[in-house]
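Got the viewer open? Let's take a walk through this one together, stopping at a few spots worth a look.

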Amino acid sequence: MAQDTLEASANTADLTAGKSKVELRNVSKSYGDEWEQQQVIDNLSVEIRPGELTVVVGPSGCGKSTLVNLIAGFEFPDTGEILLDDKPVTGPARDRMVVFQETALMPWQTTYQNIIFGPKLRGDLKGNALREEADRLLVKVGLSEFKHKYPLQLSGGMQRRAELARALINNPRIMIMDEPFRGLDAMSRGLMQEFFLRLFEENRRTNLFVTSEIDEAIFLADRIIVLSNRPANVRKVIEVNLPRPRDYKMLNSPEAYEIKREAMGILHEEAMKSFKSGSGSDFAEAYGKADS
Ligand SMILES: Nc1ncnc2c1ncn2[C@@H]1O[C@H](COP(=O)(O)OP(=O)(O)OP(=O)(O)O)[C@@H](O)[C@H]1O
Ligand SMILES: [Mg+2]
């Protein structure tokens, strides 16, 4: 791992990339036609700071993935604007890579083929340079030995690491992760969090990470953005000043406890609102997750 870290620091692209910022200004978004319109995001303003790991938490169904889709450029706001380094987002681009909960690996391609797919298709990295970069990333995500295996031959955690490598080969200015570890068993999830944290702490690429697990949020984040019930708005921004590199034991510290108490208080309040408005299943799911 030490050798790996040295190699990463020697890679100048790693050191200069990813210090981008994203600003959302008064963003609103709704779905449906005029007869049955559902407002999902309501006048939301927030800044994703350069070189920080910003975590978004919110009740189930509040609009977190919609927020991801807007920043990724898959969807557009009805009003307001989204700026990447002061320039409006006009659609999807490889400067914003998204890792979703559902695997996006192509089952008929090996780990290696999946990783090189994007740059190979575009032709912006070729031959030896492409092979070397893919191999470097395979080492970084611990999958060198699984280079020629197909996604179905990988464990859930390995698949997520392959996805990370596939996104990182594009050297994005911001990584966007939408509940990437949801669905993994508790042990794999814990390991993935630690692995991902080491990767982030190595070069501090700007990162937006969506989760519904408060402990995961505290363990990873520089700042936690707590969203309201739908339509989503920012209820609270919590700074997480736990030192880095982080360690799981820090979750038992008084600072972590205080953050958890505050965030869970807000999430409970917001989940109660959704319960009162009639979507009881949202309540059960949202509060169940916050409590775990
Ligand atoms: N493309 C779409 N068309 C219509 N409605 C949509 C669309 N995308 C999202 N929605 C609606 O917007 C609301 C918010 O959905 P979204 O997936 O953003 O929530 P979420 O917070 O990510 O939920 P979860 O916690 O389940 O991941 C939901 O009511 C959903 O039905
Ligand atoms: Mg979602």
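Below we go from the ligand to a helix pair, then to a hairpin and some unusual backbone geometry.

Keep in mind that this is a predicted model. Let's start at ligand 1. Which residues surround ligand 1? The list runs Tyr31, Val40, Gly58, Ser60, Gly61, Cys62, Gly63, Lys64, Ser65, Thr66, Ser212 and Arg230. Sort that shell by class and you get three nonpolar, seven polar and two charged residues. Helix α3, which covers residues 64-72, is the top contributor to the shell, giving three residues.

Some of those shell residues turn up again in other parts of the tour. Tyr31 is part of the shell, and strand β1 spans residues 22-31. Val40 is in the shell too, while strand β2 spans residues 38-48. These two strands pair in the antiparallel sense, over seven bridges. If you want a register mark, find lysine 29, which sits opposite isoleucine 41 in β2. The β1 and β2 hairpin has six residues between its strands, and there glycine 32 adopts a positive phi near 95 degrees. As a reminder for picking out faces, side chains in a regular strand alternate between the two faces of the sheet.

Now swing over to the helices. Helix α4 (residues 111-122) and helix α6 (residues 156-168) have axes that come within 7 Å and cross at roughly 30 degrees. Why call α4 and α6 roughly parallel to each other? Angles under 35 degrees count as roughly parallel, and the crossing here is roughly 30 degrees, so α4 and α6 get that label. The crossing of α4 past α6 is right-handed. On the α4 side the contact is made by Thr111, Asn114 and Ile115, and on the α6 side by Ala162, Ala165 and Arg166. By class, the residues in this contact of α4 with α6 are three nonpolar, two polar and one charged.

Last stop: the backbone oddities. Arg230, one of the residues around ligand 1, is joined to proline 231 by a cis peptide bond with omega about -5 degrees. Proline 231 lies in the loop between β9 (223-227) and β10 (234-239). Another cis peptide bond links arginine 244 and proline 245, with omega about 0 degrees. Where does proline 245 sit? Look in the loop between β10 and α9 (254-276). Finally, check glutamate 179: this residue is not a glycine, yet its phi is positive, about 45 degrees. Glutamate 179 belongs to the loop between β7 (174-178) and α7 (186-203).

Note on methods: Residues are numbered from 1 along each chain as its sequence is written. Chains are lettered from A and ligands numbered from 1 in the order in which they are written. This is a predicted model: local features need pLDDT of at least 70, side-chain atom pairs count only at pLDDT 80 or more; totals for chains, interfaces and linings use all residues. A residue is near a molecule or strand if its C-beta atom, placed from the backbone, lies within 6 Å of it. Helices (H or I, at least four residues) and strands (E, at least two) are DSSP runs, numbered from the N terminus. Ala, Val, Leu, Ile, Met, Phe, Trp, Tyr, Cys and Pro count as nonpolar, Asp, Glu, Lys and Arg as charged, and the others, Gly among them, as polar. Axes are lines fitted to C-alpha atoms, for helices over the stretch in contact, and angles run from 0 to 180 degrees between N-to-C directions. Angles under 35 degrees count as roughly parallel, over 145 as roughly antiparallel, 65 to 115 as roughly perpendicular and the rest as oblique. A crossing is left-handed if the near helix is turned anticlockwise from the far one by less than a right angle, and right-handed if clockwise. Two residues are in contact if their C-beta atoms, placed from the backbone, lie within 7 Å. Two strands pair if DSSP finds at least two bridges between them.
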